[in-house]
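The exercises below ask you to read a structure step by step. Try each task with the sequence and the model before you turn to its solution.

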Amino acid sequence: MSLSLSELPGALKRLNRQRNRYLHEQKRRFRLVLSAMLLRSANKHEKIPQAPQRVVFPFINLGIGDAVCHTGLWRKLKDLGYRVQIIAETRSEVFFKGLDCVDDVFIVDVNHIDRLEKIDSDIVISMYSWMQRKELLEIKLLSRINYSYAISIGGWLKRPYHITLDLADNFHITDPQKQLLAALGHPCNTLRYWLNPSSFSDAFIKDCLQKYAKKTLIVLSPFASVSERTMTRQQIFDLIAKLQHSVDCNIFITGEKHQLATLDHASDNVFICAFDSLWHTLSLVNKADLVISVETAIVHVACALNKKLVSIFYSTNINYNDALQSNTIFKPIGENVRQIIVNRTTLPFDTDKVLQASLATLAADRLAINPAGSGNCSSEPLEPAIVAGS
């Protein structure tokens, strides 16, 4: 295929990126092999031939949202009689120790894994070996665990694992969890996330909400860990104005304190929630009539609590692989969930689409009972653009 002079610079940049990615991948694999040299080679199995016992999940360099996506699996294992153990970082300690489906939490410094005292377990499960930037951490943690069996989900390096579960393209995050349960001898067709709100934080939020009029309670989570997935200040206030024009509501904005510090009270009935604990935010979400969130932990918290949810996902691929789309792998689940997908070009962020999806979600129950109902929401079902089912 011939290229014009104007197309040549772009083609050279693409070739250079491909070369750099190839070299980076070869270096990554070399480091993996070196790290695994001291690990024993594992005999391959199709299933783990033992009764329920201790099972440990390395869960470092991951967010709370990733953890919430696995709570249904941990709840299932605990109900089956397993002792569920988690290796986590200090920043996640309070969350993991608050889960009633987790028995033991071991804290590690991700920069000094070699300092982690040896952990005794029976089965170690590397859930994120399929993600290139996690696989080396998973291998390093294997050297700090005394185990009988090791299972990995995807991943290039198979030598230390008794079972390596392969993944289909564009799987959902619960699919490998179901494969894992089958490998442990417990087939499962469906998995839901699981959260147990804290009674202390529930009481605190209940007391806070007594101050406000009984209006529709909307939780808005506009901030993500990366700028591409974060709403701009203008988008936040534009959406708030449209929601208040359409719905008699109180809007509670959640996020990390440094993010919330960039906002102020735009209008009446808008509240900035700078909580000290994620568990307070979780309890607030549990009281919400509607949750609107960009792709962050709040999406999965709302799914776990089976709340009405409008989620805005910025479309990205993982491992530079178009067959691994984050908006599919981490797609929210639930009976009343709407997902809006945005990108930099063809699907820009549009507050009107978010408003439309929000009104449709709020109206869903009422319309099912009385399709000709009245009120702030349209009496006809609103069809949100680019919305995927649950």
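**Exercise 1.** Which residues of helix H3 (residues 71-79) are buried?

*Solution.* Before starting, keep in mind that this is a predicted model, in which local features need pLDDT of at least 70 and side-chain atom pairs count only at pLDDT 80 or more, while totals for chains, interfaces and linings use all residues. Residues are numbered from 1 along each chain as its sequence is written, and side-chain values use heavy atoms, with hydrogens and water left out.

Step 1 is to fix the terms. Helices (H or I, at least four residues) and strands (E, at least two) are DSSP runs numbered from the N terminus. Buried means under 20% relative accessible area, exposed over 50%, and partly exposed in between, with a 1.4 Å probe and protein chains only.

Step 2 is to apply them: in H3, the buried residues are Thr71, Gly72, Leu73, Trp74, Arg75 and Leu77.

Step 3 is to look at the surroundings, where these buried residues pack against E1, H2, strand E2 (83-88), helix H4 (93-97) and H6. After H3 comes Gly81, which has a positive phi near 105°.

**Exercise 2.** Follow the pairing of the strands, beginning with E2 and ending with E7.

*Solution.* Two strands pair if DSSP finds at least two bridges between them.

Step 1 concerns E2, which is largely enclosed by the rest of the structure because 5 of its 6 residues are buried. On one hand E2 pairs with E1 in the parallel sense over 5 bridges, and Pro58 has Ile87 of E2 as its bridge partner. On the other hand E2 pairs with strand E3 (residues 104-107), also parallel, over 4 bridges, and here Gln85 has Asp104 in E3 as its partner.

Step 2 moves on from strand E1 (residues 54-58), which runs parallel to E5 and is joined to it by 2 bridges, with Val56 standing opposite Val124 of E5. E5 in turn pairs in the parallel sense with strand E7 (residues 149-153) over 4 bridges, and Val124 stands opposite Ala150 in E7.

Step 3 asks about the faces of E5. In a regular strand the side chains alternate between the two faces of the sheet. In strand E5 (residues 123-126), Ile123 and Ile125 are buried on one side and Val124 and Ser126 are buried on the other, and both faces are thus covered.

**Exercise 3.** Which residues of helix H7 (residues 199-209) are buried, and which exposed residues lie on the face turned away from them?

*Solution.* Step 1 is to list the buried residues of H7, namely Ser201, Ile205, Cys208 and Leu209. They cover an arc of only 90° around the axis, taken from the directions from the helix axis to the C-beta atoms, and therefore they lie on the same side of H7.

Step 2 recalls that an α-helix has 3.6 residues a turn, so residues three or four places apart point the same way.

Step 3 turns to the face away from the buried side, which carries the exposed residues Ser199, Phe200 and Lys206. Among the elements that cover the buried residues of H7 are strand E9 (216-221), strand E10 (249-254) and helix H10 (278-287), where a contact means heavy atoms within 4.5 Å.

**Exercise 4.** Is Glu135 buried or exposed, and which residues does Glu135 touch?

*Solution.* Step 1 places Glu135 in helix H5. Step 2 compares its relative accessibility of 1% with the cut-off, and Glu135 therefore counts as buried. Step 3 lists the contacts: when residues up to four places away in sequence are not counted, Glu135 touches Arg28, Leu32, Tyr128, Ser129, Gly155, Trp156 and Leu157.

**Exercise 5.** Where does Asn170 lie, and which residues is Thr328 in contact with?

*Solution.* Step 1 finds Asn170 in the loop between strand E8 (163-165) and helix H6 (174-183). Its phi is near 50°, a positive value in a residue other than glycine, and at 30% relative accessibility Asn170 counts as partly exposed.

Step 2 finds Thr328 in helix H12 (residues 326-329), where a relative accessibility of 26% makes it partly exposed. Leaving aside neighbours within four places in sequence, Thr328 is in contact with Asn170, Phe171 and His172.
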